[in-house]
Amino acid sequence: MVRALAGVALPDSVLRLTTMANTQLWTPDKDRPFRLAGRTIDPTIRTIEHAGRSVTVEPRVLALLLQLAETPGEPQRREALIDAVWPGSPGAESSLSNAVSLLRQALGDSDSSTTRLIRTVPKFGYCLAVAPEPVAAEQPRQRASRPAAPWRRWRLPLLGVSVVLGLVTLALVRQNEPVESAPSRLDSMQPFVAVTRIDAPPTALPFAHVLAQDAAASLARVNAYRVADESEAYQVASGALVADLVVSGTLTDTDAGPVLTATWVLSATGETVAMRRLTATPGAVLALRRDWLESVVVETALALTEAGYDLSVGSADTVMSSASEEQWLEPPTDIATAFEAYSDGLWKAAQYRADLMIDAIANFERAVALDPNFAAAWADLGHAYLMAGSHQGAMAPERTHESARDALLRAVTLQPDLIDAHNTLADYYNCVAREPLLAQRAFDSVFALEPGFASAGYTRLLLLHATPQAAIAQIERNLARFPDSLLWKLIAAQHFLAAGAVDDALRQADSALALAPGMTEARLTRAKTLSVQNRHDLAIAELESLLASEPDSARIATLLVVALARAERLDDATAVFESVVLTKAQVRATHLAMGFAWLGRTDQAFEQLDIALAAREFGLCYVAVEPIYEPLRADARFTALVERMRGASFNSLSAR
């Protein structure tokens, strides 16, 4: 049942019973600490200290406490509290109930307490039962440390274009066949929460996209539950995966301004346990974003608590602190036009199309021109440049690599705790600049900020510079972070294959294909794995089917050439290579090298690898271990190529 306001008058008899005799009470103010039944409240930093712990509360929860403390012992009507704390805010009826619940948690005010601090007055409102007291002048103020909150969003790791195109296809054009049995998370120790896509008209899609990403990032900081990554959220939306709690919304543009209607639904019962309607004046996107993030963390914690989930593991204190940190609620820029350009850039970059990636870069450039201190926009500008040059052929690599590096360095200089920027910069140093020591330092920054961070880039560093066992350990850590993610299953399959764990690769590829039977990348990954296992008929049949549906794909054609050559069908392999691969103007040098290698044209293969090395193609990051280069490994030129790709000698890596 959706939480709602009850506004019934309180009988006089109840009023008399709950009114204190002493009317000369000290009233706290927002600038000085005070005590409440052994608890110390410091309004300036919004902390409540009790029994050796310090909890930070969000601004409106503190405002509610101060409002109740003005008349201790006297009940205040719900309507009066709403007017005082949420003036003119739609949907504030449920906000009051939420804030009371959070305030009780912060105060340690449970039903089993000897003295209930905040009493519910049925059909009327609430009452603070204990009078506040001033803190003695000599008592030092205890300020809780508040760690810097990183600006993070869920971004797809750097992969080939077909991976992300497949994910977008999965998100937007889901197969019609019903899911026979979706896995359940209801017996999990940690509840599983998914923020699914916010529906919006085309003009509002960029902002809706950012709202969903920011909400997931905010929830991920709480640590009391597991939050779906981007691909898992798509799986939940499509019915392929079950989350314990699903947060969804609809964003509409009206003459009065944008309106966001959000719901919280428990999957076990299908019950809508909370609903919020948030509005803003035209152009006030930053204010709406702030209200949304505050609501999503508070409502999610309350919905799970009321549903019976124990959030004490990971600690309710963490829920409170993360829900309330002012720094996290603030937008990455104070300039609304810069944020709008940034949102449009993120939306276009998420489509992973070459033409839209160029548009995304233009939007990010506009955002940083409007606000040169916009660290998140610099980070995503660097990521977009790296994608455009290294993966999509949208721009020449020599035009993009330095731009990517400069933008990423600017981002981490402006905001040192920007995890995504450090991660992408580390990938640049490893796979493009071939400076492994700088890559390791950047990854050290990533893991210092978040020890459990799932990084495909760090696996690439291990594959190039450490042992296969170290890479496999890191792959398993990444999977443990997102065990149901289609995206991470595909990454794991590709990295397991590169590390020589072929059976594990096939297991993950099969799992991904079960989630997305029609997805090109899932089919392609499985076919490549089958080919390495010498299961030629199955691999060739799948690749031929894929090439028939995408006849211009040089990547699919190259993998078919390799599969045919493995099966010793060299004439067929040569025909495909000459009719498809060699006719493409934009084919990568690494693809040409693979084809030449398996057709026995070794000199031409090394010529193409030299071209790829000079162009700093991202795909060479796997050259040391990639099974597709098997025909070249015995050649001394291959050993020299790997050493050039590795850069400085670097042999001290191990999995995190």
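Two strands are said to pair if DSSP finds at least two bridges between them, and strand 6 and strand 7 of this predicted model pair in the antiparallel sense over four bridges. The briefing below begins with the sheet to which these strands belong, moves on to a second sheet and to a pair of packed helices, and ends with a disulfide and a buried valine.

**The sheet of strands 5, 7 and 6**

- Three strands make up this open sheet, and their order across it is 5-7-6, with antiparallel pairing.
- Strand 5 (76-77) and strand 6 (118-121) are the edge strands, and because each has a single partner strand, one side of each is left without a neighbour in the sheet.
- Strand 5 is joined by two bridges to strand 7 (residues 125-128), and these two strands run antiparallel; arginine 77 has glycine 125 of strand 7 as its bridge partner.
- Where strand 6 pairs with strand 7, threonine 120 stands opposite tyrosine 126 of strand 7.
- Strand 6 and strand 7 form a hairpin with three residues between the strands, and in this hairpin lysine 123 takes a positive phi near 60 degrees.
- Cysteine 127 has a relative accessibility of 2% and therefore counts as buried, the cut-off for that word being under 20% relative accessible area.
- Helix 2 (residues 59-69) lies across strand 5, strand 6 and strand 7, and its direction makes an angle of about 70 degrees with strand 7.
- As a general point for reading any such sheet, the side chains of a regular strand alternate between the two faces of the sheet.

**The sheet of strands 10, 9, 11, 12 and 13**

- A second open sheet is built from five strands in the order 10-9-11-12-13, and its pairing is mixed.
- Its edges are formed by strand 10 (226-227) and strand 13 (271-279), each of which pairs on one side only.
- Which strands run parallel to strand 9? Strand 10 does, being joined to strand 9 by two bridges, and strand 11 also pairs with strand 9 in the parallel sense, over five bridges.
- Within these parallel pairings, valine 193 has valine 227 of strand 10 as its bridge partner, while alanine 194 stands opposite valine 246 in strand 11.
- Strand 11 (residues 245-254) and strand 12 (residues 257-266), in contrast, run antiparallel and are joined by ten bridges; in this pairing, threonine 250 has threonine 261 of strand 12 as its bridge partner.
- Strand 9 is mostly covered, since six of its eight residues are buried.
- Helix 7 (residues 230-238) lies across strand 9 (192-199), strand 10 and strand 11, and runs at about 80 degrees to strand 9.

**Helix 8 against helix 11**

- Helix 8 (residues 285-306) packs with helix 11 (residues 336-350) at an angle of about 70 degrees, and the axes of the two helices are 9 Å apart.
- Because of that angle, helix 8 is roughly perpendicular to helix 11, a description that covers angles from 65 to 115 degrees.
- On the side of helix 8 the contact is made by Val285, Leu286 and Arg289, and on the side of helix 11 by Ala336, Phe339 and Glu340.
- Of the residues in this contact, four are nonpolar and two are charged, and there are no polar ones.

**The disulfide**

- The structure holds one disulfide, which joins cysteine 431 to cysteine 621 with an S to S distance of 2.0 Å.
- The torsion about its S-S bond is about -60 degrees, so the disulfide is left-handed.
- Cysteine 431 lies in helix 15 (residues 419-432), whereas cysteine 621 lies in the loop between helix 26 (602-615) and helix 27 (636-646), so the pair ties together parts that are 190 residues apart in sequence.
- Is cysteine 431 buried or exposed? At 1% relative accessibility, cysteine 431 counts as buried, and cysteine 621, at 1% relative accessibility, counts as buried too.

**Valine 581**

- Valine 581 belongs to helix 24 (residues 570-581), and with a relative accessible area of 0% valine 581 is buried.
- Apart from its neighbours within four places in sequence, valine 581 is in contact with Ala554, Ala557, Thr558, Val576, Val587 and Leu592.
- Leucine 592 is eleven residues away from valine 581 along the chain, and the C-alpha atoms of these two residues are separated by 7.4 Å.

Methods
Residues numbered from 1 in each chain as written. Heavy atoms only, no water. Axes fitted to C-alpha atoms, helices over the stretch in contact; angles between N-to-C directions. Parallel < 35°, antiparallel > 145°, perpendicular 65-115°, else oblique. Contact = heavy atoms within 4.5 Å. Nonpolar A, V, L, I, M, F, W, Y, C, P; charged D, E, K, R; others polar. Buried < 20%, exposed > 50% of the residue type's maximum accessible area, 1.4 Å probe, protein only. Disulfide = S-S within 2.5 Å.
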